[in-house]
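Here is a friendly walk through one protein model, with an eye on its charges and its surface. Take a look at the display first, then read on.

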Amino acid sequence: MRGFFIKNRIIHTLFQKEILDVLRDKKAVLMMLGVPLLLYPLIFFGVAGVMSSVQSKMDSRHYKAIIDTNDNGALVKILKKYATDGDQETGIIDTVSRADYPDPIKALSEEEIDVYVITEKNDTKDTYRIFYLSSLTNSDYAKNIVEMAVKELMLDITKERLEEVGLNSDIILEPIAIKYADTSSKEQNIGKFLGMFLPILLVISLLMGTVYPAIDVTAGEKERGTLETLLTLPVTNAQIIISKFLTVAVIGLISAGLNIASIISIGIYIYRVTVSLDERLKLNMGHFNPAVILTCVVIIVFSLFMSAIVMCVTSFAKSFKEANNYITPLTIVVMLTGYVGLIPNMELTPKAALIPVANVILVIKNIFMFNYDLKILAIVILSTYIYTVIAVFFLCRMYSSERLLFDEGRYSVQIFEKRKNMVKGGIPTSGDAWFVMAVVLVHVLYVGSLAQLKYGRGGVCIIQAIILFVPVLFAIYTKRDFRKSFSIRKTGLVSYLAGLVLMTGTILVGMIITEFMTTVFPDEATNVANALYVSLVGNSFWETLFLTAVIPCIAEEMLFRGFLLTGFRSRFRVVYAILIVSAAFGLYHMSVVRFFTTALMGVALCCVVYYTGSIFPAILMHFYNNAIATANMYHPDMLEKIFPIAYGDVQVIGLLIVVFIGILLIYAGLAILNRIHAKLV
């Protein structure tokens with residue numbers, strides 16, 4: 001018990017130290033306090049003033065129009081009525097003579113007039129043609145006024161013709177009437193509005209509030225050179241991380257609270273002004289109390305998650321400038337995910353409740369719409385808390401690695417250096433690996449997708465060429481040791497056999513995972529299967545085998561298990577490097593159904609390269625897996641005879657047998673590879 005209180009006292013002391021360090025910067029305090037309290041009111045009243053001024057000018061603005069119609073001045077008469085009555089909020093149309101503008105189209109293009117109207121006669125009716133410039137606001141507004149007048153003229157003519165034949169125009173033109181009865185309360189309508197915009201404001205303000213303190217306690221401390229001193233104190237790394245983490249979370253909450261308080265104060269001001277003008281708009285604010293309380297609970301948990309994620313990102317940086325560069329992609333991802341709340345009829349299902357950021361956005365939206373689903377709320381809070389624990393654990397691991405914190409040479413992107421300054425030899429850095437992965441992803445998404453749409457199966461070859469040549473050309477340009485960068489090394493026959501055994505077990509376990517994911521996402525599974533069949537199946541088995549097995553087993557292995565695995569191993573422990581590469585391999589296939597199966601296969605392939613030091617067994621394993629998939633497309637009957645348990649109605653016993661055999665083969669393959677690795681070391 002005494003040790004527990006001592007640890008808490010240490011964390012409390014470190015927490016006070018971190019808070020004081022952050023608040024000692026007067027600029028930070030000004031940004032945290034001044035921006036939300038002063039900026040939002042200034043923006044609101046400034047924008048409101050500008051909009052009011054612009055709208056006032058538009059209301060009284062005069063537009064020039066040439067009306068060259070054969071309706072005996074009926075349209076001009078309606079436009080003059082608009083100008084006299086002052087009913088139009090977009091301005092006044094002043095008609096000008098056609099004689100003053102011999103070429104009306106030229107006058108319109110030169111902005112001498114705003115709109116030009118003519119009538120075209122045919123056998124049945126007149127057609128009013130309105131010439132305008134949609135790229136110009138004035139011309140577009142003038143077109144809207146003329147269009148309104150033409151519609152009114154059309155209605156007047158219709159009524160006249162009906163009355164000429166003795167018919168009641170009101171009954172014919174409006175045979176039925178519509179009356180609306182909105183049963184939603186005013187509180188529900190306001191709640192819907194708040195549910196759409198308040199969550200994204202909360203998330204963005206919380207993100208912005210955590211960025212500065214996170215950079216200060218991580219990259220800022222490295223830049224000031226005080227991190228080394230802190231690590232020499234008689235405290236554990238976990239205590240340091242927890243104190244920094246709590247500092248960022250508390251300041252983030254304070255900043256978010258001030259931002260929201262400022263926005264709410266503006267909302268209250270608008271509400272009171274509105275109610276003073278119309279008492280019927282008065283709300284029962286007590287209805288929002290449960291929503292506010294639940295939202296506060298969600299935001300507190302989410303602030304812990306956001307603080308941990310931002311700290312994970314900024315901990316990789318060595319300076320303020322570098323940390324700001326790292327934060328930019330995270331900000332974009334969070335903001336884009338946050339806009340999910342603006343999607344109409346977006347439901348918060350138990351599956352969606354597991355998606356970070358989006359789950360918080362949707363649950364707050366539901367809360368303010370008075371939809372209190374406590375089960376979903378519990379899933380959101382629990383999943384966010386678990387993600388936070390994982391991020392904090394990762395932070396602790398980072399601060400336990402001096403190589404990760406202080407090594408300067410192996411993390412930068414070498415391609416940005418002058419080539420004459422590059423030293424020949426060596427292996428890719430983790431920065432090189434991240435850069436190449438990003439370049440490949442962007443080119444596959446854009447160039448590859450367009451190529452596949454245009455050339456069909458030929459586009460698959462282009463995608464694989466991108467995957468292969470980007471890392472190869474990068475390695476050549478940066479003068480890397482080609483053999484070491486791509487793990488090109490001879491190995492014995494036993495390595496290949498062990499790899500095939502491991503891959504067979506992985507395929508069996510992967511089949512069960514795929515079966516489960518297909519049950520969970522049936523529509524997605526069907527769409528993926530159809531898309532693969534259409535894009536890959538060719539005129540013959542051998543053509544498809546070449547596209548699906550031969551080319552990918554070389555290109556994808558050179559990228560993922562060659563360049564990327566080598567690059568990430570230069571910075572991370574082997575386990576983390578394998579997990580990163582495998583996750584990237586799963587994401588590369590762009591399918592929720594296939595993610596876990598392909599990621600598991602990625603782990604198996606990475607293990608083979610690590611244990612044998614050679615990429616060639618992984619190439620064979622990749623070919624083996626894809627060849628089986630290709631054979632299944634053309635000869636499913638043959639595979640059903642070989643693996644009868646994997647087809648038809650699989651019972652629980654059958655699933656257990658498949659899993660047992662798969663795990664047994666995986667264990668056997670890893671055991672053999674471990675012996676090979678021991679001899680290699």
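## A salt bridge at Arg129

Arg129 and Glu120 are joined by a salt bridge, with 2.6 Å between the closest N and O atoms. Keep in mind as you look at this pair that the model is predicted. Arg129 belongs to strand β4, which covers residues 126-131. How accessible are the two partners? Arg129 has a relative accessible area of 38%, so this residue is partly exposed. Glu120, with 30% relative accessibility, is also classed as partly exposed, because that class covers values from 20% to 50%.

Arg129 can also be placed relative to Tyr116. These two residues are 13 positions apart along the chain, and their C-alpha atoms are separated by 8.3 Å.

## Further salt bridges

How many salt bridges does the structure hold? There are eight. One of them links Lys121 with Asp126, where the closest N and O atoms are 3.3 Å apart. Here the partners fall into two classes: Lys121 is exposed at 63% relative accessibility, while Asp126 is partly exposed at 33%.

Another salt bridge brings together the side chains of Asp432 and Arg480, at 2.8 Å from N to O. Asp432 sits in helix α15, and Arg480 sits in the loop between α16 (457-477) and α17 (482-485), so this pair ties together parts that are 48 residues apart in sequence. Are the two partners buried or exposed? Both Asp432 and Arg480 are buried, which means that each has under 20% relative accessible area. Elsewhere, Lys143, Glu147 and Lys151 are joined into one network by salt bridges that share partners.

## A patch of negative charge

Now for the surface. Which residues gather in a patch of negative charge there? The members are Asp156, Glu160, Glu163, Glu164, Asp170 and Glu174. Helix α5, made up of residues 137-164, gives the most to this negative patch, contributing four residues.

Glu163 is a good one to pick out in the viewer. This residue is found in helix α5, and its relative accessibility is 52%. Glu163 therefore counts as exposed, since the exposed class begins over 50%.

## A nonpolar patch

The surface also carries a nonpolar patch, formed by Leu441, Val442, Leu445, Tyr446, Val447, Tyr455, Ile462 and Met590. Together these residues have about 750 Å² of accessible area. Which helix supplies the largest share of the nonpolar patch? Helix α15, running over residues 430-455, provides that share with six residues. Helix α15 is also where Asp432, the partner of Arg480, is located.

Leu445 is among the residues of the nonpolar patch and lies in helix α15. Its relative accessibility is 38%, so Leu445 counts as partly exposed. This places Leu445 in the partly exposed class, whereas Asp432 of helix α15 is buried.

## A buried serine

To finish, turn to Ser383, which is found in helix α13 (residues 374-399). Is Ser383 buried or exposed? With a relative accessible area of 6%, Ser383 is buried; the class applies because the value is under 20%.

What lies 3.3 Å from a polar atom of the Ser383 side chain? The backbone oxygen of Ala353 is found at that distance.

Terms used. Residues are numbered from 1 along each chain as its sequence is written. This is a predicted model: local features need pLDDT of at least 70, side-chain atom pairs count only at pLDDT 80 or more; totals for chains, interfaces and linings use all residues. Side-chain values use heavy atoms; hydrogens and water are left out. Patches are made of residues with over 30% relative accessible area and no salt bridge: like charges are joined within 9 Å, nonpolar side chains (Val, Leu, Ile, Met, Phe, Trp, Tyr) within 5 Å. Accessible areas come from the Shrake-Rupley method with a 1.4 Å probe; for residues, only the protein chains shown count as cover. A salt bridge is a side-chain nitrogen of Lys or Arg within 4 Å of a carboxyl oxygen of Asp or Glu. Lys and Arg count as positive and Asp and Glu as negative; His and the chain ends are not counted. The place of a charge is taken as NZ of Lys, CZ of Arg, CG of Asp or CD of Glu. Helices (H or I, at least four residues) and strands (E, at least two) are DSSP runs, numbered from the N terminus. Buried means under 20% relative accessible area, exposed over 50%, partly exposed in between (1.4 Å probe, protein chains only). A polar contact is a pair of N or O atoms within 3.5 Å; within protein, one must be able to donate a hydrogen and the other to accept it, and residues adjacent in sequence count only if both atoms are side-chain atoms.
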